[in-house]
Amino acid sequence: MTVTATGLLLEATGISKAYGAVVALRSASLAVRPGEVHALMGANGAGKSTLVKILTGAVLPDSGQITIRGNTRRVHSPDEARRSGLVSVYQEPALIPDLDIRSNLRLTQTPIEPFRHWLSELGIADLDLSMAARRTPLATLRIIDLARALAIEPDVLMLDEMTAALPANLTERVLEVIGRRRGGDRSVIFISHRMIEIGAVCDRATVLREGETVGVVDVNAGSEERIVELMLGDVGQGLPARDQRRESGGGRSAEATPRLTARSLAAGTKLQDVSFELGVSEVLGVVALEGQGQDELFDVLAGSERAHSGELLVDGRPVSFHHPADAIRAGLVYVAADRAEALLMQRSVRENIALPYLADVRRWALIDLRGEQRTVDEAVATLQIDARAGREVRRLSGGNQQKVTIARWVAGGVRTLLCFDPTRGIDIRTKQQIYVLLRELAQAGAAVLLYTSDLKEIQLVCDRAIVIFGGRVVSEIDAANADETALLRAAYNLRADARMPEQAAAATVVAAAAEPPGGAPVGGPGSAQPEPER
Amino acid sequence: MTAAPGLVETARARPIEALGRWARRNAWSIGLLGFFVVLLVFTKLIQPKYGVTGVQGLAISVLPLALAAVGQAIVVISGGIDLSIGSMMALTNVVSAALMLDRSEELSVIVVVGVLVLGLLLGAVNGALVVITRVPDIVVTLAMAFVWAGAALLVLKTPGGGSADWLKELVLGPLGSEWIPKAAVVLVLVVALIWLPVRRSRVGLSLYAIGSNQLAAFRSGVPVGRTKILAYSLMGLFAALAGLSLTANTGIGNPLSGSYTLQSVAAVVLGGVSLAGGRGGVLGPVVAVLILALLRTDMTFLNLNPNFATSAQGIILIGVVMVGTLFQIRRGRA
Amino acid sequence: MMEAAQSEGTGRRWMTAAAWRSLFRDRPIIPLLGLLGVLMIVSNLVRPGIVTSQWMGVIVRGAVPLAILAGCQTLAMLTGGIDLSVGAVASMSGFVVATFVHSPGGWPAGIVVALFAALVAGLVTGIGVGVFRVHPLIMTLGMSFVVLGLANVWQLIKVQAGGGVPPELRWLGSAQFAEIVPYSLLVFVPLALLILLILRRTGYGRMLYAIGDNPVAARLSGTRGWQVLLVLYVMSAMFAAIAGFLLTGLTNVASVTLADSTVLPSVAAAVIGGTSIMGGRGGYTGTMVGAIILMVISSLLSSLGYPEAVRQVLFGSIIVAVAAAYTRVTSDT
């Protein structure tokens with residue numbers, strides 16, 4: 001098979017893309033060698049998702065070129081990308097919900113036998129193809145998507161956060177399968193933010209920051225720090241040091257009534273039995289792996305879902321919420337992870353901030369415009385929102401958008417703040433500002449419940465943390481002991497000395513790579529330089 | 001590691017299961033059919049003289065709307081809607097009537113073919129506009145309703161024209177047994193010849209795909225724009241068939257379309273096709289048309305004010321959709 | 001991070017294409033008025049001297065009922081919905097008033113009854129859309145059938161009583177002060193001001209925009225959607241009733257299908273005026289200008305001697321063109 005003169009299977013150079021005045025990519029490049037697993041990394045806002053869209057043909061770049069197998073291609077659609085040899089597996093499975101699996105396969109003309117082969121390699125042996133895609137669990141759909149892609153033997157396989165929604169056993173299989181592709185003549189582009197996995201299966205990593213490729217790193221023992229450095233840029237280690245934590249010895253005072261008391265809350269299918277107390281002026285962290293019931297917990301607290309058993313007390317008094325408005329009246333306000341869910345994208349910053357205030361029927365009459373402007377200006381100043389493009393909130397950057405979602409509650413005075421992964425996909429600087437804000441709010445008397453998938457935040461912001469597994473609280477850890485490792489172990493519900501599935505998966509893959517199918521790459525743990533093909 | 005040889009397609013191994021699944025998926029249409037049968041019995045009870053002529057009359061009167069409902073269903077399944085179908089019917093009706101007036105029977109065949117092609121083109125224009133301008137389909141087809149209606153008026157300012165005899169012969173009267181209306185046969189044939197092959201093919205899957213989840217379809221390699229235009233073109237074809245059936249039925253061309261558009265939307269919704277797209281079929285809407293027409297007839301038999309029938313149609317529409325929406329919420333589909 | 005580094009556009013700097021586009025997007029009323037101006041100039045070119053204040057008066061007079069119905073559509077479209085029942089409700093209202101002319105209470109009683117009937121219709125629609133979550137297209141479509149049917153029944157009941165359009169209504173709907181200013185403005189101006197006030201200055205107006213833009217976000221912020229929608233469709237029905245009174249007065253016709261042909265143009269006026277059918281964007285000033293534009297086009301076409309048919313074709317084409325321009329301009333970011 002043909003390779004470029006430089007020996008690359010895929011090469012993207014000088015890619016730039018701007019949306020009006022917003023520059024998503026300045027000059028990004030990516031070079032993938034045959035037979036390697038290449039990581040693509042970068043914080044959200046760094047341009048990673050735009051580059052992915054360009055590679056898959058969903059978006060046309062303003063400049064630059066993409067060369068696959070030596071041919072420069074202009075790719076306009078996923079179909080064309082596929083014909084050029086690049087197949088992508090997206091975070092949302094590209095399966096049609098109202099069709100059954102077999103029809104989905106027919107739609108993409110996937111050959112059935114190879115598909116079944118890969119399916120069983122990935123750990124799903126007996127799949128009923130006549131199941132409606134809508135009724136198939138998400139993890140299974142993602143595996144199906146991957147098996148579909150593998151079945152047509154693409155030259156370059158691009159996986160976008162492949163392991164994000166997968167349970168540990170499937171993750172292990174996926175990493176295994178990916179790892180085995182190393183050393184062949186086809187490549188994998190692996191997009192992930194999980195360092196352990198990248199260390200296990202990837203050969204090199206391209207790091208994007210602020211729309212440019214800032215470095216290509218060989219993945220080996222010491223590379224994680226280098227990669228993080230590249231991702232963060234000159235913000236240095238960025239995260240505020242421990243001693244910057246609140247001085248006023250935080251945490252709840254034992255006598256006062258806790259702001260929030262949850263007793264044996266159960267809701268939906270995943271939340272089984274969760275109890276905890278959240279005190280005034282306290283920041284309580286919630287840690288959990290994907291899908292352990294934390295979504296349902298927050299939905300119940302925010303009033304958008306009903307618990308089917310258990311009770312909830314606010315300031316010692318039992319409450320029952322039928323609608324978010326009830327929760328808001330009880331002082332519980334919700335900051336969502338998904339900004340698209342929380343913001344009125346076509347409306348102005350001002351309208352977004354004023355939204356909860358006006359939602360009440362009693363405020364449906366004439367607005368006090370001057371008073372509103374004052375309140376809004378205050379909130380904007382408090383959160384340091386850069387609202388130059390404030391006419392339509394969708395033109396703001398992700399970080400500023402998130403600040404707007406918080407500002408709308410700050411404007412009205414916060415009693416109890418429920419934050420669900422508020423810093424997901426946000427730049428470092430804004431994250432820091434949000435941490436500081438949360439602590440200030442707590443100091444001023446608010447109670448904060450913070451769920452985060454970034455475990456470093458727990459020690460920085462929280463006084464203590466509860467860990468949820470299988471819909472129950474399995475552990476409560478004081479901030480002083482809540483380092484990442486301890487939290488992760490608790491999240492997997494393991495004894496302190498057991499090994500975590502991620503590490504186990506990584507080890508399996510490394511072991512497999514060390515066995516020679518042909519010429520043996522000799523590598524240390526977590527690394528492999530691809531040997532040139534014979 | 002190769003796949004275990006025993007992995008047989010489970011569906012083929014058990015036809016009963018497959019039948020059960022088919023029944024579940026088409027539950028709504030089957031229910032409608034059942035209701036229609038009950039309604040027929042009820043009609044016979046309140047009007048013992050209801051017989052061959054009644055059935056014949058029913059078939060011939062619903063043919064245009066039934067064809068329109070099929071066309072609308074195809075567009076709605078693909079995730080769109082077309083509010084210009086009534087105008088398209090009027091346009092194809094007047095064009096065929098104007099061209100067939102005082103012409104030989106042979107030439108009329110060419111006219112019919114030409115009108116069918118015209119229908120395809122009209123639909124394609126609608127679809128192309130929706131795709132290219134990216135304006136919501138409601139607005140585009142609303143505007144095009146004006147355009148096609150105006151065009152119809154340009155062809156024939158007042159009702160007139162004529163119809164070839166063979167065309168009339170095609171849909172009027174019984175075929176073979178006196179219980180089988182030719183109109184029904186024509187409907188079944190047309191749907192079978194046009195829609196069934198499409199539905200079974202990959203193109204049909206694409207139609208359902210873009211209605212179900214356009215992004216997933218795009219990522220699955222479906223050419224979304226082309227497929228949409230195809231959906232609208234098929235609808236145009238059925239609109240032309242409906243217009244031709246009007247010509248055959250009435251013998252003339254009438255540039256004022258009547259309420260076919262909105263009634264076709266009502267029929268589609270009652271027929272179990274979700275406005276969101278991606279699910280449903282053409283059988284349901286056709287049966288819905290039959291039911292609504294029969295209900296109107298029953299009201300006349302019961303000496304009820306026919307205007308109650310109009311209100312009843314609205315109430316039924318609203319009621320059925322309310323119940324349907326409640327079911328969906330209960331089942332958890334947003 | 002990646003932000004729009006736009007200058008705020010104060011003062012007239014060099015008008016680049018991008019600047020034009022943001023003008024179009026942020027203040028669509030300006031190009032709309034420009035379009036109106038162009039149409040008036042063309043009208044005058046075609047028939048020199050036709051553009052007089054009398055002509056303007058007739059245009060405005062005809063536009064008033066349309067503008068009211070288009071207001072109903074604007075309100076509904078802002079929430080991402082539509083109201084296809086306005087025609088039936090308007091026709092029914094005018095018709096009911098006419099049937100009361102010879103009855104005790106006279107036509108004022110008729111107005112009260114009609115308004116009450118519209119209120120009920122709006123309530124039913126609002127409950128259907130807000131509580132039962134029926135798609136507004138279907139709900140209002142169904143209601144239009146129901147109202148039409150019931151209006152027909154009413155016709156049969158009242159046919160013996162006879163009736164006709166009361167002269168007061170005729171005066172209100174069709175007479176003009178000094179042959180220029182239509183008296184219907186006495187009704188329209190307060191109504192328009194009310195709608196503008198609601199949309200711009202009240203919390204309720206903000207809720208309309210919020211629900212149309214992002215119903216999930218609105219709910220999470222404490223908005224009870226069904227309340228907003230219920231009030232919306234009640235208002236829409238009552239405004240439609242008022243439009244029906246004026247329309248009956250204007251045409252001197254009382255019929256249950258009088259306003260049927262105004263439903264689609266009412267949607268068209270709102271669309272041309274810049275209100276998006278997907279919700280969350282738009283306003284009433286544009287709609288009013290849109291209604292006038294449609295009337296001017298109508299008048300232009302008839303003075304050109306073009307038959308009704310051509311008018312319809314051009315109507316439709318213009319709607320597509322304008323809507324396409326809006327879509328292109330607003331989806332730029």
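The following questions and answers concern salt bridges, cysteines, a chain interface and a surface patch in a predicted model.

Q: Why is the pair Arg69(A) and Asp155(A) called a salt bridge?
A: The closest N and O atoms of Arg69(A) and Asp155(A) are 2.4 Å apart. A salt bridge requires a side-chain nitrogen of Lys or Arg within 4 Å of a carboxyl oxygen of Asp or Glu, so the pair qualifies.

Q: What makes this pair a tie between parts of chain A that are 86 residues apart in sequence?
A: Arg69(A) lies in the loop between strand E4 (63-68) and strand E5 (71-73), whereas Asp155(A) lies in the loop between helix H5 (138-151) and strand E7 (156-160), so the pair ties these parts together. Arg69(A) and Asp155(A) also belong to a network of salt bridges that includes Glu153(A), Asp185(A) and Arg186(A).

Q: Why is Asp155(A) called buried, and why is Arg69(A) called partly exposed?
A: Asp155(A) has a relative accessible area of 8%; buried means under 20%, so Asp155(A) is buried. Arg69(A) stands at 30%, which lies between the limits of 20% and 50%, and therefore counts as partly exposed.

Q: How do you know that Asp98(A) and Arg134(A) form a salt bridge?
A: Their closest N and O atoms are 2.9 Å apart, and the limit is 4 Å, so the criterion is met. The pair links distant parts of the chain, 36 residues apart: Asp98(A) is in the loop between strand E6 (86-89) and helix H3 (101-107), and Arg134(A) is in the loop between helix H4 (112-121) and H5. Asp98(A) counts as buried at 17% relative accessibility, while Arg134(A) counts as partly exposed at 36%.

Q: What makes Arg180(A) and Glu121(A) a salt bridge, and which helices do they tie together?
A: The N to O distance is 3.1 Å, within the limit of 4 Å, so the pair is a salt bridge. Arg180(A) lies in helix H6 (residues 168-180) and Glu121(A) in helix H4, so the pair ties together parts that are 59 residues apart in sequence. At 4% relative accessibility Glu121(A) counts as buried, whereas Arg180(A), at 47%, counts as partly exposed.

Q: How do you know that Cys419(A) is in no disulfide?
A: The count over all chains is zero disulfides. For Cys419(A), the nearest cysteine sulfur, that of Cys462(A), is 9.7 Å away; a disulfide needs sulfur atoms within 2.5 Å, so the criterion is not met. Cys419(A) is buried, with a relative accessible area of 0%.

Q: How many salt bridges are there between chain B and chain C, and what is the makeup of the area they bury?
A: The count between chain B and chain C is zero salt bridges. The two chains bury about 3400 Å² between them, 86% of it on carbon and sulfur atoms. Phe146(B), Ile318(B) and Met322(B) supply 18% of the area that chain B buries against chain C, more than any other three residues.

Q: Why is Tyr306(C) called partly exposed, and where is it found?
A: Its relative accessibility is 40%, between the limits of 20% and 50%, so Tyr306(C) counts as partly exposed. Tyr306(C) is found in the loop between helix H13 (284-303) and helix H14 (308-330) of chain C. Tyr306(C) forms a nonpolar surface patch with Val38(C), Val42(C), Val46(C), Leu304(C) and Leu314(C), with about 430 Å² of accessible area together. Helix H2 (residues 29-46) of chain C gives the most to this patch, with three residues.

Key: Residues are numbered from 1 along each chain as its sequence is written. Chains are lettered from A and ligands numbered from 1 in the order in which they are written. This is a predicted model: local features need pLDDT of at least 70, side-chain atom pairs count only at pLDDT 80 or more; totals for chains, interfaces and linings use all residues. Side-chain values use heavy atoms; hydrogens and water are left out. Patches are made of residues with over 30% relative accessible area and no salt bridge: like charges are joined within 9 Å, nonpolar side chains (Val, Leu, Ile, Met, Phe, Trp, Tyr) within 5 Å. Accessible areas come from the Shrake-Rupley method with a 1.4 Å probe; for residues, only the protein chains shown count as cover. Helices (H or I, at least four residues) and strands (E, at least two) are DSSP runs, numbered from the N terminus. Buried means under 20% relative accessible area, exposed over 50%, partly exposed in between (1.4 Å probe, protein chains only). Buried area is the accessible area (1.4 Å probe) that two parts lose on being put together, summed over both.
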